Amino acid sequence: ALLDPPQVTAMIIDMGSAATDINIFSNGSLFINRSVDRGGQSITAVVAQSLNVDLVRAEQFKRDLDLTNLATTEEALPKAIKPTIDIILSEVSRIHQAFNQR
């Protein structure tokens, strides 16, 4: 990640298919790097199971949700995927707290 200016502190969350990576950069250096074993596939599987649809259709439903801004969409999350998202958000919160307490 390129941060400009490099003195900035930033948390970068990268949700991949199998895992979500959480990184905090501070003063131009990587401070914390964690991985949560939940990602897009976990959400797709929950959607498929809860709606009783195949994975292809569940993937499209997931993409239609637009999870890019969880801070404003959390209240609109379908109940089925909320536990998976909560695991990720809990780890984000824990890492943020650890960074602030350093």
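Here is a short chat about a predicted model, going from its sheet to its helix and cores.

Biologist: Before we start, what pLDDT do side-chain atom pairs need to count?
Modeller: Residues are numbered from 1 along each chain as its sequence is written, and side-chain values use heavy atoms, with hydrogens and water left out. As this is a predicted model, local features need pLDDT of at least 70, totals for chains, interfaces and linings use all residues, and side-chain atom pairs count only at pLDDT 80 or more.

Biologist: In what order do the three strands of the open sheet lie?
Modeller: Strands are DSSP runs of E with at least two residues, helices are runs of H or I with at least four, and both are numbered from the N terminus. Two strands pair if DSSP finds at least two bridges between them. The edge strands, β1 (10–15) and β3 (29–36), each pair on one side only. The pairing is antiparallel, and the order is β1-β2-β3.

Biologist: Which residue in the turn of the β2 and β3 hairpin has a positive phi?
Modeller: Seven bridges join β2 (residues 20–26) to β3. Across that pair, T20 stands opposite V36, and F25 faces L30. The hairpin has two residues between its strands, and the one with a positive phi, about 55°, is N27.

Biologist: How far does α4 reach from its first C-alpha to its last?
Modeller: α4 covers residues 82–100, 19 in number. The expected span is 1.5 Å times one less than the number of residues. That gives 27 Å for α4, and its reach is close to that, at 26 Å.

Biologist: Why are the buried residues of α4 on the same side?
Modeller: Buried means under 20% relative accessible area with a 1.4 Å probe, protein chains only. In α4 the buried residues are T84, I85, I88, E91, V92, I95 and F99. They sit on the same side because, going by directions from the helix axis to the C-beta atoms, they cover an arc of only 125°.

Biologist: And which element supplies the largest share of the largest nonpolar core?
Modeller: A nonpolar core is a set of buried Ala, Val, Leu, Ile, Met, Phe, Trp, Tyr and Cys residues joined through side-chain atoms within 4.5 Å. The largest one has eight residues: I22, I24, I32, V36, I88, V92, I95 and F99. β2, β3 and α4 each supply at least two of them. The largest share, four residues, comes from α4.

Terms used: Buried < 20%, exposed > 50% of the residue type's maximum accessible area, 1.4 Å probe, protein only.
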